[in-house]
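Me: I would like a close look at a single part of this structure. Please stay with that part for most of the answer, and give the cut-offs for the terms you use.

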Amino acid sequence: MKNFLNFLKSKTFLIQLGLAVVAILVLVFISLQWLKSTTNHGEFVEVPDFSKMSVSEMRKAVESAGLRYQVLDSSEYNPDYPRFSILDQNPPAGNKVKSNRKIYFTVNPSGYKKVSVPDIIQVTQRNAASMLRAVGLDVERVTYIDELGKDMVYNMKFKGKYLKPGDKLPKTSKIELICGNGTIPGSARVQAESN
């Protein structure tokens with residue numbers, strides 16, 4: 001044990017210990033300088049606001065800012081934004097990021113997605129309106145015809161054309177319902193009287 005303590009106090013050990021500390025400090029300093037130069041430490045790019053820009057305008061702005069981008073699809077159409085414009089971006093505008101950082105964009109589609117018209121024939125007007133709202137459609141107006149079923153849906157139209165269940169329409173479209181007014185049609189009355 002005495003020999004070990006004498007070795008720790010020896011000149012050779014102290015020189016080796018000093019050289020090891022200097023070598024570690026030099027390695028740490030070189031590593032920090034290398035990291036600073038390769039990661040552009042302290043250099044940031046402020047993310048511009050890309051909202052409502054078209055995709056081509058966004059591409060130019062991203063490249064001039066020294067950034068990269070990826071466009072994500074969007075299934076939700078927003079009528080407040082132009083078609084094929086930027087709805088959302090991540091990271092948001094104003095954030096400071098490193099150059100060559102990838103920005104993710106959500107783009108406004110060309111219009112509302114199409115939905116299938118539900119089968120509302122022979123359903124009450126009130127239930128038909130609920131079924132239409134459930135799929136994203138709405139009732140524009142109700143037209144009444146002479147049919148025995150009061151407020152029963154007998155037909156439906158969109159922009160003057162008759163619809164069948166299963167037809168595809170853009171979401172938020174407004175449909176005209178053709179319902180019965182509760183009176184017997186004239187042709188049915190004539191047939192009943194002739195029998």
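Reply: **One sheet and its surroundings**

Strands β7 and β11 run parallel and are joined by 8 bridges. The model is predicted, so local features need pLDDT of at least 70 and side-chain atom pairs pLDDT 80 or more, while totals for chains, interfaces and linings use all residues. Residues are numbered from 1 along each chain as its sequence is written, and side-chain values use heavy atoms, without hydrogens or water.

β7 spans residues 138–150 and β11 spans residues 174–180 (strands are DSSP runs of E, at least two residues, and helices are runs of H or I, at least four, numbered from the N terminus). Val139 has Ile175 of β11 as its bridge partner. Both strands belong to an open sheet of 4 strands in the order β7-β11-β8-β9, with mixed pairing (two strands pair if DSSP finds at least two bridges between them). β7 and β9 are the edge strands; each has a single partner, so one side of each has no neighbour in the sheet.

On its way across the sheet, β11 next meets β8 (residues 153–158), which runs antiparallel to β11 and is joined to it by 4 bridges. Here Asn155 is bridged to Ile178 of β11. β8 also pairs with β9 (residues 161–162), again in the antiparallel sense, over 2 bridges. Phe158 is opposite Lys161 of β9. The hairpin of β8 and β9 has 2 residues between the strands, and in it Lys159 takes a positive phi near 50°.

Arg141 is one of the residues of β7. With a relative accessible area of 46%, Arg141 counts as partly exposed (buried is under 20%, exposed is over 50%, partly exposed is in between, with a 1.4 Å probe and protein chains only). Residues up to four places away in sequence aside, Arg141 touches Ile175, Glu176 and Leu177 (contact means heavy atoms within 4.5 Å). The side chains of Arg141 and Glu176 make a polar contact at 3.3 Å (a pair of N or O atoms within 3.5 Å; within protein, one must be able to donate a hydrogen and the other to accept it, and residues adjacent in sequence count only if both atoms are side-chain atoms). Lys174 is 33 residues from Arg141 in sequence, but their C-alpha atoms are 8.3 Å apart in space.

Two of the residues that Arg141 touches, Ile175 and Leu177, touch the most other members of the largest nonpolar core, which has 15 residues (a core is a set of buried Ala, Val, Leu, Ile, Met, Phe, Trp, Tyr and Cys residues joined through side-chain atoms within 4.5 Å). Helix α4 (125–135), β8 and β11 are the elements that each give two or more residues to this core. Neighbours within four places aside, the contacts of Ile175 include Val117, Leu132, Leu137, Met156, Leu163 and Leu169.

Another core, of 13 residues, lies apart from this one, with Phe50, Leu67, Ile103 and Phe105 among its members. Elsewhere there is also an open sheet of 3 strands, β2-β5-β3, with mixed pairing. Its edge strands are β2 and β3, each pairing on one side only. β2 and β5 (residues 102–107) are parallel over 5 bridges, and Arg68 has Lys102 of β5 as its bridge partner.
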